[in-house]
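Visitor: I should like a close look at the internal spaces of this model. Please treat their linings in detail, together with whatever occupies or adjoins them.

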Amino acid sequence: MKILLSLTLAAALTPCVLRAANTEFKPGEIWTDTSGAPINAHGGGLLYHDQTYYWYGEIKTGKTWSPKSNSGWGGTRVDVVGISCYSSKDLLNWKHEGNVLPAVQDDPQHELHKSKVVERPKVIYNKATKKFVMWMHIDSEDYQLAHAGVAVSDQPTGPFQYLGSCRPDGAMSRDMTVFQDDDGKAYLFHSSEDNKTMHIALLSDDYLKPSGKFARVFEGRSMEAPAVFKHQGRYYFMASDCTGWAPNAARSAVADSIWGPWRELGNPCRGPDAALTFHGQSSYILPVAGQPGTFICYLDRWKQFDLQDSRYLWLPLQLTAAGFEVPWKDSWKLAK
Ligand code: GAL
């Protein structure tokens, strides 16, 4: 009897090591990694390399607070912790690979100091240099620096070495993304001119700096959170309006050349609260490897007053004759 009791007690106290695998995307619900912890990779981007997907994003941990300088526009923040990396084979189950670009603790002047802003990391691989190159939004606490920063690594799982930041082509840079074309050229899309006009900057062949060639697009249309993809030779674009962490109606556009002209197509979202992008904001559009025409639209659902509980909305993106749509789904999976 005594033995039986201690066996039962031992079983009850042993932590359960078997975790059920994720089998569906559940937009807006807490999404756990393979260790059972919530995935912490916000405003992020994805890379497919050697049959593996990598997800990079902002680590949002700790208390959300509002610096005085940002109180006029609701710019709450958490201190910078770094950029996380996760890896996956199936896009549903993600292994935490660690903090691949940690915040700097002891030098308040450093651009990665915890008091700064480090947002929207995007990583691409340069075949010629064999480097993984991360671009990100680097800013001062009050968002007045408006720089794009760059870091490199020899492995997708880091550590990344921070190289510095700039105003690309002398122009302000806040929300941004990087798009790598099939010919190997890479472009930085960045909200510029006080967020009023989007800039597209061709990067140098090593992807480490702007090449000097750039275009101004969506002039005066005030867009943030750009995401770009290509299908059958056409370029597609998604972005948000500029309302800080608060959701608004998404924008979309199409072009035959990356330099434009870009034709706006309106809000691609369909379903409940589509007018508010399902309470989300675009972060990245992923072409699913080996499935031409299959794309996943990754949105952030920010929680302005508790940023660490911000969620992800991964939704199927459907191409249409005119452009594309993003329908709401409570849960879904990729067709095999
Ligand atoms: C949003 C932007 C986010 C973050 C936030 C700060 O508009 O897309 O990346 O910068 O503002 O309030």
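Guide: The largest cavity of this predicted model has a volume of about 120 Å³. Its lining comprises 17 residues, and Lys60, Val78, Val80, Val118 and Glu119 lie closest to its centre. Strand 3 (82-88) and strand 5 are the elements that each give two or more residues to this lining; strand 5 makes the largest contribution, with three residues. By class, the cavity lining has nine nonpolar, two polar and six charged residues. The structure holds one cavity of 30 Å³ or more.

Some terms should be fixed here. A cavity is a set of points, on a 1 Å grid over the protein atoms alone, where a 1.4 Å probe fits but cannot get out; a residue lines a space if it has an atom within 4 Å of a point. Grid points are joined across faces, edges and corners, and a volume is the space filled by probe spheres set on them. Strands are DSSP runs (E, at least two residues) numbered from the N terminus. Ala, Val, Leu, Ile, Met, Phe, Trp, Tyr, Cys and Pro count as nonpolar; Asp, Glu, Lys and Arg count as charged; the others, Gly among them, count as polar. Local features need pLDDT of at least 70 and side-chain atom pairs pLDDT 80 or more, whereas totals for chains, interfaces and linings use all residues. Residues are numbered from 1 along each chain as its sequence is written, and side-chain values use heavy atoms, without hydrogens or water.

Glu119, one of the residues closest to the cavity centre, also belongs to the surroundings of the ligand. The other residues around the ligand are Trp73, Arg120, Tyr143, Asp175, Glu224, Gly244, Trp245 and Gln281, each with a heavy atom within 4 Å of the ligand. This shell contains three nonpolar, two polar and four charged residues. A polar side-chain atom of Glu119 is 2.6 Å from a ligand oxygen. The side chain of Arg120 places an N or O atom 2.9 Å from an oxygen of the ligand, and for the side chain of Trp245 the corresponding distance is 3.5 Å. The protein buries 97% of the 310 Å² that the ligand exposes when taken alone (accessible area by the Shrake-Rupley method with a 1.4 Å probe).

The ligand sits in the second largest pocket, in that more than half of its atoms lie within 2 Å of the pocket's grid points. A pocket, unlike a cavity, is an open set of points with protein on both sides within 12 Å along at least five of seven lines. The second largest pocket has a volume of about 370 Å³. Of its 18 lining residues, Trp73, Tyr143, Asn195, Glu224 and Gly244 are closest to the centre. The lining divides into five nonpolar, six polar and seven charged residues.

The largest pocket encloses about 1100 Å³. It has 45 lining residues, and those nearest its centre are Tyr48, Gln180, Asp181, Asp182 and Pro287. Two or more lining residues come from each of strand 1 (42-49), strand 5 (117-126), strand 9 (176-180), strand 11 (197-203), strand 13 (224-231) and strand 18 (281-287). In this lining, 24 residues are nonpolar, 13 polar and eight charged.

Strand 1 also leads to a backbone feature: Asp50, in the loop between strand 1 and strand 2 (52-58), has a positive phi near 45°. Most residues other than glycine have a negative phi.

Note on methods:
A polar contact is a pair of N or O atoms within 3.5 Å; within protein, one must be able to donate a hydrogen and the other to accept it, and residues adjacent in sequence count only if both atoms are side-chain atoms. Helices (H or I, at least four residues) and strands (E, at least two) are DSSP runs, numbered from the N terminus.
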